[in-house]
Amino acid sequence: MARFEAAASTAPGRFVLALAGECDLEGRDRLSELLLDAVGRADLVVVDLTEVTFIDSSGIHALVTAHHAARRAGKRLHVVNAAGVVATVLEITGVAQLLSPTPAPDAGEADRG
């Protein structure tokens, strides 16, 4: 298997990009290109990380850059199915919360109860 692979699928208003392997410096340019292309195709981009075994700052940068591009265009980009070390890296960096499909409650709402 190659170190980095991607498969795309579409549904009305949604583009799913399923990644596999390692999202690191070696695949950074391809990952960035794929993510930005996906943002141009649909209002919602879902990045499925089920088969991703490693992600470094290059992969994080590509995800955050695509997220900002989506926001500027009035679109959304979410990450789903991260596990193991990939989920840990996303949590530690704050990217898991940033790209979560479920928006975090407003600070004021979280304190009500």
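These legends accompany several close-up views of a predicted model.

**View 1. R3, E22, D24 and E26 are joined in a network of salt bridges.** Welcome to the charged corner of our tour. Side chains of opposite charge can pair when their charged atoms come close. The structure holds five salt bridges, and the next three views take up those that R3 makes with E22, D24 and E26.

**View 2. R3 pairs with E22 in a salt bridge.** Look for the closest N and O atoms of the two residues, which lie 2.4 Å apart. The pair brings together distant parts of the chain: R3 belongs to the segment before β1 (4-11), while E22 sits in strand β2 (residues 14-23), and 19 residues separate them. How accessible are the two partners? R3 has a relative accessibility of 39%, so R3 counts as partly exposed. E22, at 26%, also counts as partly exposed.

**View 3. D24 forms a salt bridge with R3.** Here the closest N and O atoms are 2.5 Å apart. Again the link spans distant parts of the chain, with D24 in the loop between β2 and α1 (28-41) and R3 in the segment before β1, 21 residues away. Is D24 buried or exposed? Its relative accessible area is 8%, and buried means under 20%, so D24 is buried.

**View 4. E26 is another salt-bridge partner of R3.** The closest N and O atoms of R3 and E26 are 3.0 Å apart. This pair, too, connects distant parts of the chain: R3 lies in the segment before β1 and E26 in the loop between β2 and α1, 23 residues apart. E26 reaches 58% relative accessibility, and exposed means over 50%, so E26 counts as exposed.

**View 5. L63 is a residue of helix α2 (residues 57-72).** Now we leave the charged residues for a leucine. With a relative accessibility of 1%, L63 counts as buried. Which residues does L63 touch, leaving aside its neighbours within four places in sequence? They are L35, V47, I55, L77, V79, L90 and L99.

**View 6. L63 and L35 are 7.4 Å apart in space, C-alpha to C-alpha.** Along the sequence, 28 residues separate this pair. L35 is also one of the residues in contact with L63, and L63 itself is found in helix α2.

Conventions: Residues are numbered from 1 along each chain as its sequence is written. This is a predicted model: local features need pLDDT of at least 70, side-chain atom pairs count only at pLDDT 80 or more; totals for chains, interfaces and linings use all residues. Side-chain values use heavy atoms; hydrogens and water are left out. A salt bridge is a side-chain nitrogen of Lys or Arg within 4 Å of a carboxyl oxygen of Asp or Glu. Helices (H or I, at least four residues) and strands (E, at least two) are DSSP runs, numbered from the N terminus. Buried means under 20% relative accessible area, exposed over 50%, partly exposed in between (1.4 Å probe, protein chains only). Contact means heavy atoms within 4.5 Å.
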